[in-house]
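User: I would like to learn how to read a structure model, one feature at a time. Where should we begin?

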Amino acid sequence: MPRLFTALEVPREAALSLSLLRGGLPGARWMRGENYHITLRFIGDVDCHTADELIAAFDRIDRPSFSLTLSGMGSFGSKKPHSIWAGVAPSPELMALQAEIERICQRHGLPPDPRRFSPHVTLARLRNARVADVVKYLGGRGDFCTLPFDVGRFVVMSSRDSVGGGPYLVEEAYSLGWRNSFSSLETSSLQPSRNN
């Protein structure tokens, strides 16, 4: 089984902005633009039965679509940096979606995620990067920000063992806000026409 995780995709315009941040940091292995994503919940290697149950349970999530902005940059691993990331501006809708996915995973037997959810897009994996170089790189890009973009779905992705992450494949996609759109369409179709 491939490793599974839930995620939000990064649209093309935001991915282009992120790709302009590449370069200028010795020891960095930069992610390809098509692999940019915001991980919501790492699931890992699970058996087929559990994977099927999770995929069916995620289909019952009824959350509205929302808007996100990528904002700020940082690194993981303060004394020995191992990755560079772009941050996500605070979003109550994102936090609510992630919390619901976490509850579903725990209901289906997965242990709680030990890490606090910190939404981000990984830009580069670092190998033997010097702290001074990372500080210098981030110092020139700390005000990074994208235009807001709409989040209309979340996905289950898979990854195989590889160096540096990716390629990531979308296994399932779940629309957000579709029930609200459907019910408003249904309501409007039941309203009498003003032209009659």
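Analyst: With a term we will need: contact means heavy atoms within 4.5 Å. The model shown here is predicted.

User: What covers the buried residues of helix 1?

Analyst: The cover includes strand 5 (70-76), strand 6, strand 7 (120-126) and strand 8 (149-151).

User: Which residues of helix 1 are buried?

Analyst: Buried means under 20% relative accessible area, and exposed means over 50%. In helix 1 (residues 12-19), the buried residues are Ala14, Ala15 and Leu18. Viewed along the helix axis, they lie within an arc of 100°, so they line one face of helix 1. On the face turned away from that buried side, helix 1 carries the exposed residues Arg12, Glu13 and Leu16.

User: Next, the sheet. What is the order of its strands?

Analyst: The order is 3-1-9-10 in an open sheet of four strands, and the pairing is antiparallel. Strand 3 (37-44) and strand 10 (168-175) are at the edges with a single partner strand each, so one side of each has no neighbour in the sheet. From one strand to the next, the twist averages 25°.

User: How many bridges join strand 1 to strand 3, and which residue is the partner of glutamate 9?

Analyst: Strand 1 and strand 3 run antiparallel and are joined by six bridges. Glutamate 9 has histidine 37 of strand 3 as its bridge partner. On strand 1 as a whole, five of the seven residues are buried, which leaves the strand mostly covered.

User: And how does strand 1 pair with strand 9?

Analyst: Strand 1 (residues 3-9) pairs with strand 9 (residues 153-159) in the antiparallel sense, over five bridges. Phenylalanine 5 stands opposite methionine 157 of strand 9.

User: Which strands does helix 2 touch, and which does helix 3 touch?

Analyst: Helix 2 (residues 48-58) packs on the sheet and touches strand 1, strand 3, strand 9 and strand 10. Its direction makes about 40° with that of strand 10. Helix 3 (residues 92-107) also packs on the sheet, touching strand 1, strand 3 and strand 9. The direction of helix 3 makes about 10° with that of strand 3.

User: Last, a single residue. Where is alanine 89 found?

Analyst: Alanine 89 is in the loop between strand 6 (83-88) and helix 3. With a relative accessible area of 23%, alanine 89 is partly exposed. Leaving aside residues up to four places away in sequence, alanine 89 touches Leu68, Thr69 and Ser71.

User: How far apart are alanine 89 and histidine 120 in sequence and in space?

Analyst: They are 31 residues apart in sequence and 9.3 Å apart in space, from C-alpha to C-alpha.

Notes: Residues are numbered from 1 along each chain as its sequence is written. This is a predicted model: local features need pLDDT of at least 70, side-chain atom pairs count only at pLDDT 80 or more; totals for chains, interfaces and linings use all residues. Side-chain values use heavy atoms; hydrogens and water are left out. Two strands pair if DSSP finds at least two bridges between them. Helices (H or I, at least four residues) and strands (E, at least two) are DSSP runs, numbered from the N terminus. Axes are lines fitted to C-alpha atoms, for helices over the stretch in contact, and angles run from 0 to 180 degrees between N-to-C directions. Buried means under 20% relative accessible area, exposed over 50%, partly exposed in between (1.4 Å probe, protein chains only). The arc is that of the directions from the helix axis to the C-beta atoms.
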